[in-house]
Amino acid sequence: MDEPPRLPGGGFAAWSRDRLALARRGADECGDVWQLEPGTCVVATAGPCEEVLHRVQDFPKPPSPLFPPLKRANSALTPEEHAHARAARMRGLRTRAVAARIGEIAPGTARFADQWPTGRDVEILPVVRHVLADIGVRYLFSEDAPTLLPFAWQLFVARELLVRPSRWVWPRWVPTSARRFRTRQQVAFTDALRPIVRRRRSSGRLGDDVLGHMLRPSPRYGILSEGAILDTLPGITVATFETPSRAAGLILLHLARYPRAADRVAAEASSLPADPAATTSTHLDSLQYTQALVREVLRLQPPSWLLTRRATQQTRLADYTIDAGATVLVCPYTAHRDARQHPEPDRFRPERWLDDSGSLAKPGVFLAFGTGPHGCEGAALAMAMLTLLTAQTARRYHLSEPPGPEPSYQVTTFEGLATPGLHLRATVRG
């Protein structure tokens, strides 16, 4: 049986030097699947990438190493509890639920645009991150967000320490300083959340936010345990703003580099209501070109550019044999640049996401939020935040890059793509 080809000069040494370039080279030279080193292969083209993410029995998603459940007596969650927790979260995160709360999301994106200091260069990622953290935590916890936001921010700081590039990869059981800090912040967040959970349950006022959906009994599973709520919310809390913040930086950079596209977004955004709280899902749906631009940026520079899976058994993929236990790296970055799915794949062209009538279309594989049963839970929320942030910003400002070196892309140890140190300047339109 055929094994995936080995990329000459590959291996983790070369991989760490320039991961994006090596991934693209592997896709060009070796095709669908190639070996990074024995026991590790990269899935590089669109069809096989999508197939891996759908074949969850053969390629399950591993548990996140960032915020594992805290160690408590009888605290291990069963597979049923994990399924229940995910289903409960999704009741508050599915597209229809997000659409019903657009009026709560829009004011935060408008405040970001209103408060941007004009006439000077601004490091934009920290500003975006604070705004999206406020929006995301409020979406999860509503009136309890002010209590939890400082703890959520510390969870983000802990995450940044964990993903900081390092020469050494320590086994997960080694209590490094970053892991000890993570545990302290996770305990602090949990201690702040626990009385909120108990107060809502005892009062019967569960709320209509994501936490409220998790507190409601499920016809299939019944009541979700307190431990399952406390263990699964730290990760989703940080995820509501961490990845969208990296995506927002890339989107704003493209508004600066493609002023005609930014002008088109601004024209479309002129239909938004003067009072952001009056924004509805109908207004969001009308931002067709803006959504297309967001998708095109996420196609070219997916903020999560590499997804990890592990083969549970020996299986076949794209005419190659994948051994049981092999690490399988799914690469949306190269899948999105598969010319069979997206002609002229390196060209920024938002119009590819629109049909002849100007309505949104899907021209090819799109994996910025994953796909299949383990696709990103917050995809609808992220798209709403990013679309409204893009529209409100372009509506008010022309963006430009200061002179200097090209912004660099930082690849973290947890497969994230960001533009640290990105500076932009805003000039008021008109």
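Hi everyone. Let me open with a cysteine: C376 has 40% relative accessibility, so C376 counts as partly exposed. Please keep in mind that what we have here is a predicted model.

Staying with the cysteines, how many disulfides does the structure hold? The count is 0. For C376, the nearest cysteine sulfur belongs to C49, and that sulfur is 17 Å away. C331 is in no disulfide either, and its nearest cysteine sulfur is again that of C49, here at 6.6 Å. A pair of cysteine sulfurs has to be within 2.5 Å to be called a disulfide. And is C331 buried or exposed? C331 has 0% relative accessibility, so C331 counts as buried.

Now, on to the second largest pocket. This pocket encloses about 460 Å³ of space, and 23 residues line it. Which residues lie nearest the centre of the second largest pocket? Those are T95, R295, A379, A380 and M383.

Next, the helices around this pocket. At least two lining residues come from each of α4 (79-93), α5 (95-100), α14 (281-286), α15 (288-300) and α17 (379-396). If you want one helix to look at on the screen, pick α17: it gives the largest share of the lining, 5 residues.

What about the chemistry of the lining? The second largest pocket is lined by 13 nonpolar residues, along with 5 polar and 5 charged ones.

So, to recap for your notes: the model is predicted, it has 0 disulfides, and α17 supplies the largest share of the lining of the second largest pocket. Thanks for listening, everyone!

Notes
Residues numbered from 1 in each chain as written. Predicted model: local features only at pLDDT ≥ 70, side-chain atom pairs only at ≥ 80, totals over all residues. Heavy atoms only, no water. 1 Å grid on protein atoms, 1.4 Å probe; cavity = no way out; pocket = protein on both sides within 12 Å on 5 of 7 lines; lining within 4 Å. Points joined across faces, edges and corners; volume = space filled by probe spheres on them. Helix = DSSP H or I, 4+ residues; strand = E, 2+ residues; numbered from the N terminus. Nonpolar A, V, L, I, M, F, W, Y, C, P; charged D, E, K, R; others polar. Buried < 20%, exposed > 50% of the residue type's maximum accessible area, 1.4 Å probe, protein only.
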